[in-house]
Amino acid sequence: MSIQPKSDGNALVRMEHIYKTFNPHSVNEVVLFQDFNLSIAEGQFVSVVGSNGSGKTTILNLLCGSIPVDSGTITVGGRDITRLKEYQHSKFIGRVFQDPGKGTCPELTILENMALADNKGGAYNLRRGVNKKRIDAYRTQLELLKLGLEDKLNLSVGSLSGGQRQALALLICTMTPIDLLILDEHTAALDPKSSENVMQLTERIVREKKLTTLMVTHNLKFAINYGDRLVMMHRGSVVLDAASEQKSVLSTRDLTEKFNQISLEDGN
Amino acid sequence: MDIALGLLINVLEEGFIYGIMAIGVYITYTVLDFPDLSVDGTFPLGACVTAALITAGVNPWLACLIAFVCGGLAGCITGFLHVKLGITDLLSGILVMTGLWSVNLVITGGSSILPFYNRNTIFNAGPAALLPEAASPYRIVIFAGIVCLIVKLLLDAYLKTRSGLLLRASGNNAQYVTSLGKNPGTMKIIGLAIGNACTALAGCILAQQGESANVSSGTGMVVMALASVIIGTSLFRKVKFIKPTLSVVLGAILYKACLVIAMQLGLPTNFLKLLMAVLFTLALVSNNLLSGRRRKQHVNPTQI
């Protein structure tokens, strides 16, 4: 089953006729996507929910080039990125991971992390790593996080808490212009308060920079409260796709019911 | 008293020379997190290249530069095997180390020892000839120290550049380098080139000190370099104003001092390599005990 893109005209991200099978020709073979289609309009904030193994994270991995597609095409902003290497995707896709350790470099200081990210897209040559003239700009950006990090520029990132690191990762990954922001259950490893903070920060950054965003989450409340489109995945297909008005009438209870219904099919 | 001074000078000479190698191995082992065994091959490579060049009448300082570049190329091969051909880090190093044995023999023209007595070296020609007669017993320690200092300062400066920061990031969190749109594999190759270039330079300086190159001088260099790095970084970790590049050189000097003391106490030369291995084991164990108490919570990367 596939949902045809509704507003194809201004779609920024297009996944077309995607096929993906894990462990082919073995007893563990899992046929996940068969003619899967998804398109995301420019500036749209999409939340994706679904049970384990429904294919949400695989969508992100395919978009980022972490794993290859079997067949089909993926385009972002008109560019065919299906066969690019993972690091080549990063030039226009920013990704925040579930693991707060992945989005920053623990041994380097906050300042060095930001300087590295600030230079994304430029040459990593023998010029001075930290541009002194930019320090004030970094400080201003850190102030927006309201975590007091602006006074700890020379502290190594490894000594920050998970929530602080995730907020920093989010900031770092949106420092330079990107076409698409991917949030991979980025609040899942945090305590409820930090995860609420990071989610509010996400909302603010996404709206301010008008970023096209794809967020995978296990938190149904976040999926309802944030974003302008909600997609529910089940066994490699979209079972619910609610945009704008449709989404605004959805409640957590509707979603939980739908969720339980598909979970029952799986015998969970 | 004179004997003690002589020993001290000897320890410092060799400590500075092996310190250059320790700085290189610090880049591969600590910064890149890459256990690089090709060091056992690139050390004599530097020595053999130097012997061949100096015998041919090349300026000894130029020979240092060429040995440095040759070591870098050997490091690139290790990196290529690991990054592009997908061979494990340990095996890539072993392959290059094994291959270099033949390369070194080709360079020396088939002999396992290539002497170049009474030729120009950095210790007796060029700037060294300007030293007053009174300083002559100290010329080796002075010039080995100068080369070591230059290498240290250059690497300190490099680690602060954009490329250097990216190198540190790629050893620390390769995913972060990928997120910046850069290939972490390329940075690994660069780091291995730097590490092996420094090692070959150390081999070059040692050959000039002894005025001969020995094809088998590489045996045990990995152990010696790693021991210096681990002793240095674990002892001086807490001292803020000592940079890691300096602490590994101090580690090399301390390690050399232990060996010299053991020899003076009457340990037969045959036991030298065994002692090196035992000292390294002690360094590793004490480092584990020290860091066990303050080990950081390691976050396991979650997949899919």
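The largest nonpolar core of this predicted model has 159 residues, where a nonpolar core is a set of buried Ala, Val, Leu, Ile, Met, Phe, Trp, Tyr and Cys residues joined through C-beta atoms within 7 Å. A residue counts as buried if 20 or more other C-beta atoms lie within 10 Å of its own, as exposed if 12 or fewer do, and as partly exposed in between, with C-beta atoms placed from the backbone. The residues with the most contacts inside this core are Ile20(B), Met21(B), Ala22(B), Cys48(B), Leu201(B), Ala202(B) and Ala225(B). Leaving aside its neighbours within four places in sequence, Ile20(B) is in contact with Val147(B), Cys148(B), Val151(B), Cys198(B), Leu201(B), Ala202(B) and Ile205(B); two residues are in contact if their C-beta atoms, placed from the backbone, lie within 7 Å.

Two conventions help in reading these names and values. Residues are numbered from 1 along each chain as its sequence is written, while chains are lettered from A and ligands numbered from 1 in the order in which they are written. Because the model is predicted, local features need pLDDT of at least 70 and side-chain atom pairs count only at pLDDT 80 or more, whereas totals for chains, interfaces and linings use all residues.

Helix 8 of chain B has 27 residues and reaches 40 Å from its first C-alpha to its last, close to the 39 Å expected at 1.5 Å a residue, the expected span being 1.5 Å times one less than the number of residues. Helices (H or I, at least four residues) and strands (E, at least two) are DSSP runs, numbered from the N terminus. Helix 8 of chain B is mostly covered, with 22 of its 27 residues buried. Just after this helix, Glu211(B) takes a positive phi of about 55 degrees, in the loop between helix 8 (184–210) and strand 2 (212–214) of chain B. With 16 C-beta neighbours inside 10 Å, Glu211(B) counts as partly exposed.

From chain B the path leads to its meeting with chain A. There, 24 residues of chain B are in contact with 30 residues of chain A. Helix 6 (162–172) and helix 7 (174–179) of chain B each supply at least two residues of the side of chain B that touches chain A, and helix 6 gives the most, with eight residues. By class, this side of chain B has eight nonpolar, 11 polar and five charged residues, where Ala, Val, Leu, Ile, Met, Phe, Trp, Tyr, Cys and Pro count as nonpolar, Asp, Glu, Lys and Arg as charged, and the others, Gly among them, as polar. On the side of chain A, Arg127(A) lies in the loop between helix 3 and helix 4, and, not counting residues up to four places away in sequence, Arg127(A) touches Thr161(B) and Arg162(B). With 12 C-beta neighbours inside 10 Å, Arg127(A) counts as exposed.

Helix 5 (residues 162–173) of chain A offers another view, since 11 of its 12 residues are buried, so that the helix is largely enclosed by the rest of the structure. Its buried residues pack against strand 6 (93–96), helix 3 (110–118), helix 4 (135–143) and helix 6 (192–209) of chain A together with helix 7 of chain B.

Chain A also holds an open sheet of six strands in the order 6-7-8-3-9-10, with mixed pairing; two strands pair if DSSP finds at least two bridges between them. Its edge strands are strand 6 and strand 10 (237–243), each of which pairs on one side only. Within chain A, strand 3 (residues 45–50) and strand 8 (residues 212–216) pair in the parallel sense over four bridges, and the bridge partner of Ser47(A) in strand 8 is Met215(A).

Another open sheet of chain A is formed by four strands in the order 2-1-4-5, with antiparallel pairing, and its edge strands are strand 2 (30–41) and strand 5 (79–80). Strand 1 (residues 11–22) and strand 4 (residues 71–76) of chain A pair over five bridges, with Ser71(A) in strand 4 as the bridge partner of Tyr19(A). Strand 1 of chain A also holds His17(A), whose phi is near 50 degrees, a positive value in a residue other than glycine. His17(A) is partly exposed, with 14 other C-beta atoms within 10 Å.
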